[in-house]
Number of protein chains: 2
Amino acid sequence: MAQEPPTQKAVRWYPPSYDIRVESVPIPEITEPDDVIVKIKLAGLCGSDLHAYRGDGDDDMTPHIPGHEFIGEVVKLGSSFGEHATGRPGLYSSLKIGDKVVSPFTTNCGECRACRLGITCRCPQGTLFGCPALDGAQAQYVRVPKAGGTLFNLSDPKSWSDLLPNANVAEALSTISDSSLLLLADILPTGVFAVAQALNHPKLVPILTGVAWPPREGSTTANTIPSEDRTLTFAIIGLGPVGICASVALVDRLAAIGLPYRIVAIDTYAARRENMEKIFGQISNHGNGEFVARSPEEARTTVKEWTSGSGCNAVLEVVGHPSALTLAYDLVQPFGIITSVGVHGKPQLPFNGGNLYDKNVSFDFGRCPARAMFPMAFELLVKRQDVFGQVGTPTSLVDRIVSVDQAAEMYRAFDKREVGKVLFDPWE
Amino acid sequence: MAQEPPTQKAVRWYPPSYDIRVESVPIPEITEPDDVIVKIKLAGLCGSDLHAYRGDGDDDMTPHIPGHEFIGEVVKLGSSFGEHATGRPGLYSSLKIGDKVVSPFTTNCGECRACRLGITCRCPQGTLFGCPALDGAQAQYVRVPKAGGTLFNLSDPKSWSDLLPNANVAEALSTISDSSLLLLADILPTGVFAVAQALNHPKLVPILTGVAWPPREGSTTANTIPSEDRTLTFAIIGLGPVGICASVALVDRLAAIGLPYRIVAIDTYAARRENMEKIFGQISNHGNGEFVARSPEEARTTVKEWTSGSGCNAVLEVVGHPSALTLAYDLVQPFGIITSVGVHGKPQLPFNGGNLYDKNVSFDFGRCPARAMFPMAFELLVKRQDVFGQVGTPTSLVDRIVSVDQAAEMYRAFDKREVGKVLFDPWE
């Protein structure tokens with residue numbers, strides 16, 4: 001007589017939409033040599049989980065465990081790990097049972113050309129957690145494929161902290177809460193990525209350096225820009241958790257740059273705007289800037305007034321809807337930058353080639369390479385614990401930690417924007 | 001009895017399409033204080049003139065003189081010029097009757113914030129030459145509005161050569177032909193601009209520096225990329241005159257960078273591909289690279305073979321048609337760059353937001369700020385006279401110099417790709 005496999009409590013998504021259940025399902029097993037099984041401490045509910053929840057996600061309607069943000073403890077290692085892993089990413093040799101880990105929202109092999117270049121979000125072997133192809137983390141256990149390329153070992157900061165010469169990593173790790181570390185799985189690196197794409201774009205070089213376009217090596221006598229032209233104007237569209245992270249990351253970088261700046265943070269929901277302004281008020285050392293939260297229509301007026309009609313240097317689009325792209329196009333200045341980290345689907349783009357030509361628009365689309373952004377995001381997390389550090393306070397990024405038994409109600413309330421960011425404790 | 005105004009010979013465009021005439025029309029007069037009248041020595045016929053020729057241009061169907069590329073001599077100055085121009089762009093004080101000038105294809109005031117930043121193509125007062133709003137240069141004379149912001153004074157290289165510390169400007173000017181200098185009006189800076197946008201893009205930083213994404217100041221121990229991953233792969237779509245300029249500019253920059261590279265230059269016309277390969281053969285010191293010209297279908301295979309299916313680091317799109325954007329999308333690697341300097345119109349873009357998200361595509365669209373790119377383009381022109389220097393040779397960018405009397409036939413033949421770049425001598 002076959003023995004029943006051991007079971008766990010897990011959230012399950014059912015087609016076609018708005019059907020979230022909590023069920024008893026088998027605990028995942030190692031199926032490939034590079035797999036690791038992680039016992040979940042906390043798993044996040046993310047805005048992009050709502051795409052599937054609302055039924056506007058993938059065509060594959062197979063029921064599955066959702067969730068792509070988690071922190072936990074290694075409980076099983078595949079056969080690749082340990083002494084046989086010479087020449088492979090270091091984590092294959094060093095990871096041990098009991099290590100505390102956080103994972104980016106997609107797996108990545110760590111060994112292909114994309115991974116070597118740091119484009120970890122485009123590893124050909126990468127899979128998003130919480131899809132029909134790979135069960136997610138809103139459960140008691142999760143299987144992590146390609147775990148030696150994917151995971152961050154928080155118990156062994158030496159394995160990744162060589163990129164953080166200025167942070168006292170061990171001390172930081174001892175003081176930062178798990179709910180705060182969980183932000184590293186997706187929303188914080190995604191916000192940092194949006195900001196990095198905009199601030200590293202060559203179209204910002206004239207403002208940042210004070211030397212007129214084009215950027216040019218060896219030109220010491222080039223046209224210099226008067227200081228009154230060097231105020232930076234940004235818009236951030238979408239003030240969900242990623243938008244908040246992007247806002248804090250942007251303020252942090254602009255404070256370091258030292259130029260005067262103006263940021264308009266935009267959301268249709270008044271409660272999110274109020275929250276965002278409160279969070280800005282909490283940021284110490286925010287440099288020489290102005291920060292306001294506005295509705296889309298108000299933002300059009302604000303940007304017109306600020307820039308005498310010309311528009312923003314850069315717009316960060318964190319929504320993933322055509323209306324957000326339309327607003328971004330309208331708000332950006334000619335020769336400006338739109339960085340879009342929102343998850344877009346099949347609708348037509350709300351502009352044609354002529355519109356883009358006529359305004360010299362630059363676009364950066366797509367998913368954050370979270371694995372590669374981790375050190376920058378971790379540094380910001382440590383530096384800005386006044387914002388990221390507290391759960392359940394009015395301005396916290398994490399609204400509440402609840403039992404997975406409340407998953408159906410939390411999905412409903414999050415979809416209606418009645419709650420902020422929710423984390424599940426699967427053992428409560 | 002009113003005296004008849006003096007007349008000139010000019011090309012005229014008539015609606016709706018394919019109707020080019022040569023007529024006797026009044027010589028333009030100074031109408032604004034910032035105007036200059038230029039006596040044309042040579043005027044170019046450009047690929048973008050064909051948009052109006054074919055009737056797929058602007059909605060305004062007023063007959064007008066086309067042409068936005070010219071070199072000539074100042075014959076009249078508006079009242080702003082001379083001793084009263086203190087505090088304005090230097091050219092208002094220094095320009096004199098008889099000076100030899102070249103102009104970018106659009107006017108720009110030189111005094112607004114866009115002009116100060118070097119975004120001269122987006123000056124709110126800028127106008128394209130050769131439109132209903134401003135007669136063009138395929139004539140004996142042209143009126144240049146905002147001339148103190150717009151023109152380059154080739155008789156006074158000190159007024160712009162401070163950006164060219166390494167070029168012996170005066171000597172270069174004495175040896176370079178007018179037909180070669182005319183390339184500075186549009187096609188050479190546009191090609192240089194396309195290349196500069198791609199090579200300055202942050203997504204190329206990992207390859208150029210050998211340090212994995214994200215670009216990060218102060219990180220000395222970051223992940224380094226093995227040299228075998230640092231071969232650059234580019235595609236250039238469209239081998240008309242701008243595509244040739246972009247190809248030469250790209251090879252020039254890649255030779256200076258020194259990394260191994262592969263370029264596939266793409267056109268549907270075999271004659272253009274053959275010509276492009278011959279031109280590459282003429283480029284001395286072309287670095288450590290491979291350069292092939294291919295049809296669109298062949299190019300898909302070539303890029304697949306070169307990159308094991310992943311795609312190009314960057315694609316330069318110089319055509320201005322949705323099919324070229326489709327090809328660019330297909331050829332670019334995930335996390336790659338598409339720089340589009342082709343003039344696009346009202347057709348829908350051939351991809352949706354999901355396509356762009358799924359591939360992390362970056363786009364740079366739009367018109368070259370030719371005024372600002374002039375020094376870089378001039379430097380390349382001087383350096384690569386082996387390519388740019390000769391008229392009428394099989395591999396020259398300038399196919400022939402003809403009388404404006406041949407305008408109708410030349411438009412027809414250029415539209416049919418029976419001739420290469422044509423310049424008009426309006427005095428012949």
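**Close-up views of a two-chain predicted model**

**View 1. His64(A), a buried histidine in a loop.** His64(A) counts as buried because its relative accessibility is 5%, and the cut-off for that label is under 20%. Keep in mind that this is a predicted model, here and in the views that follow. You'll find His64(A) in the loop that runs between helix H1 (49–53) and strand E4 (70–77) of chain A. What does the side chain of His64(A) have 3.2 Å from one of its polar atoms? That would be the backbone oxygen of Gly130(A). Gly130(A) also turns up in the contact list of His64(A), next to Cys131(A), Pro132(A) and Asp135(A). The list is completed by Val11(A), Arg12(A) and Trp13(A), once neighbours within four places in sequence are left aside.

**View 2. Met410(A), a buried methionine in helix H16.** Stay in chain A and go to helix H16, residues 407–415, where Met410(A) sits. Is Met410(A) buried or exposed? Met410(A) is buried, since its relative accessible area comes to 4%, and buried means under 20%. Which residues does it touch, not counting neighbours within four places in sequence? Met410(A) is in contact with Leu45(A), Arg400(A), Val402(A), Val419(A), Val422(A) and Phe424(A). For a sense of scale, take Gly420(A): 10 residues separate it from Met410(A) in sequence, and the two C-alpha atoms are 9.8 Å apart.

**View 3. Asn153(B), a buried asparagine in strand E7.** Over in chain B, Asn153(B) belongs to strand E7, which covers residues 152–153. With a relative accessible area of just 1%, Asn153(B) is buried. Its side chain reaches the backbone nitrogen of Ser155(B) at 3.0 Å. Skipping neighbours within four places in sequence, the contacts of Asn153(B) include Leu91(B), Leu95(B), Asp99(B), Lys100(B) and Val101(B). Ser159(B) and Trp160(B) are in contact with Asn153(B) too. Leu117(B), 36 residues from Asn153(B) in sequence, has its C-alpha 21 Å from that of Asn153(B).

**View 4. Where chain B meets chain A.** How many residues does each chain bring to the contact? Chain B gives 69 residues and chain A gives 69 residues. Together they bury about 5,600 Å², with 54% of that on carbon and sulfur atoms. On the chain B side, the residues that lose the most area to chain A are Trp213(B), Arg216(B) and Tyr357(B), together 14% of what that side buries.

**View 5. Polar links across the contact.** There are 2 salt bridges between chain B and chain A. One of them joins Asp229(B) to Arg116(A), with the closest N and O atoms 2.4 Å apart. Polar contacts between the chains come to 24 residue pairs, counting those with both residues at pLDDT 80 or more. Several elements of chain B give two or more residues to the side touching chain A, including helix H3 (113–117), helix H7 (187–199), strand E12 (332–340) and helix H14 (370–383). H13(B) provides the largest share of that side, 6 residues. Sorted by class, the chain B side has 34 nonpolar, 22 polar and 13 charged residues.

**View 6. Strand E13 of chain A pairs with E13(B).** Here a strand from one chain runs alongside a strand from the other: E13 of chain A (residues 362–365) and E13(B) pair in the antiparallel sense over 3 bridges. Which residue stands opposite Phe363(A)? Look for Phe363(B), which is in E13(B).

Definitions and conventions. Residues are numbered from 1 along each chain as its sequence is written. Chains are lettered from A and ligands numbered from 1 in the order in which they are written. This is a predicted model: local features need pLDDT of at least 70, side-chain atom pairs count only at pLDDT 80 or more; totals for chains, interfaces and linings use all residues. Side-chain values use heavy atoms; hydrogens and water are left out. Contact means heavy atoms within 4.5 Å. Buried area is the accessible area (1.4 Å probe) that two parts lose on being put together, summed over both. A salt bridge is a side-chain nitrogen of Lys or Arg within 4 Å of a carboxyl oxygen of Asp or Glu. A polar contact is a pair of N or O atoms within 3.5 Å; within protein, one must be able to donate a hydrogen and the other to accept it, and residues adjacent in sequence count only if both atoms are side-chain atoms. Helices (H or I, at least four residues) and strands (E, at least two) are DSSP runs, numbered from the N terminus. Ala, Val, Leu, Ile, Met, Phe, Trp, Tyr, Cys and Pro count as nonpolar, Asp, Glu, Lys and Arg as charged, and the others, Gly among them, as polar. Two strands pair if DSSP finds at least two bridges between them. Buried means under 20% relative accessible area, exposed over 50%, partly exposed in between (1.4 Å probe, protein chains only).
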